[in-house]
Amino acid sequence: MFELSVKHSDEQSNIIVLTGEIDIYSAPDFKEQLYRIIGEGRQSVILECEELSYIDSMGLGILVGALKRLKEQERDIVVRNPKSNIRKLLRITGLDKVFIIEEAKS
Amino acid sequence: MKTSDTVSVLIPIKPEYVSIARLTVSGIASRAGFDIDTIEDIKVAISEVIGKIIEKCPSDDRLTVDFTQLKDGLSISFSLKEQNISELFNSESDRFALAIISSLMDEIDTTQKDSAFITLIKKLGKAV
């Protein structure tokens, strides 16, 4: 099961809560929702990942695509509080150097 | 599960069945003696392989996943009945998947062996 919800939105940032698993089954839904939110806003995006239990390479590819779009407008993506298994995948793929990763904020 | 015993799972090549393979490998890897973190790694790796197969080979064919207990680990082979895939990781967008699988598993063999076109091996006592 996967869910994406907008927790808070102001002029600086759009806080999005990710819940469940992003895999080949849920990735199309994740992409559609994330890109729509990015397209509608002018802020950077904070992804709250405390309740995200899994993301596969397809999901990571979607995040990279989203970051490219945002960077064109000098916006950014912050990955907040990823679980250790997701942090491990970010490290393996080198994406821990690409995304801003924040810890321990609620 | 004795050494060289094989458990096979036959699934449709569709996204909604990837979780079946992940659940199956949990039980098998647990019986083989892997710890929880390593079982998670194996689940992630086989999800990446099946995801790429679905991407490259959408069809009505079914995927066979063979889990074979080795003396020092677990071998996981993937085969299709009606076709073969020669290049599972041949594009730029596949590099994340290949990096993840290479990092989490001990061996990846993409040479055709019998009907299997890719085999992953995880050895006991070598957590990442």
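Biologist: Which residue of strand 5 of chain B is the bridge partner of Phe78(B)?

Modeller: Phe78(B) has Ile118(B) as its bridge partner in strand 5 of chain B. This is a predicted model, in which local features need pLDDT of at least 70 and side-chain atom pairs count only at pLDDT 80 or more, while totals for chains, interfaces and linings use all residues. Residues are numbered from 1 along each chain as its sequence is written, and chains are lettered from A and ligands numbered from 1 in the order in which they are written.

Biologist: Why are strand 3 and strand 5 of chain B said to pair?

Modeller: Two strands pair if DSSP finds at least two bridges between them, and 7 bridges join these antiparallel strands of chain B, so the condition is met. Strand 2 (residues 62-70) of chain B also pairs with strand 3 of chain B, in the antiparallel sense and over 8 bridges; there Asp66(B) stands opposite Ser77(B). With 2 residues between them, strand 2 and strand 3 of chain B form a hairpin.

Biologist: What makes strand 3 of chain B mostly covered?

Modeller: Of the 8 residues of strand 3 (residues 73-80) of chain B, 6 are buried, where buried requires 20 or more other C-beta atoms, placed from the backbone, within 10 Å of the residue's own (12 or fewer is exposed, in between partly exposed).

Biologist: How do you know on which side of helix 3 of chain B the buried residues lie?

Modeller: The buried residues of this helix (residues 95-104) are Phe96(B), Ala97(B), Ile100(B), Ile101(B) and Leu104(B). They cover an arc of only 125° around the axis, taken from the directions from the helix axis to the C-beta atoms, which puts them on the same side of helix 3 of chain B. These residues pack against helix 2 and helix 3 of chain A, together with helix 2 (36-56), strand 4 (107-109) and strand 5 (116-123) of chain B.

Biologist: How many helices and strands does chain A have, and why is chain A called as compact as a globular protein of its length?

Modeller: Chain A has 3 helices and 5 strands, which are DSSP runs numbered from the N terminus (helices H or I, at least four residues; strands E, at least two). The radius of gyration of chain A, taken over C-alpha atoms, is 12 Å, close to the 13 Å that the globule rule (2.2 Å times the number of residues to the power 0.38) gives for 106 residues, so chain A is as compact as a globular protein of that length.

Note on methods:
Contact = placed C-beta atoms within 7 Å.
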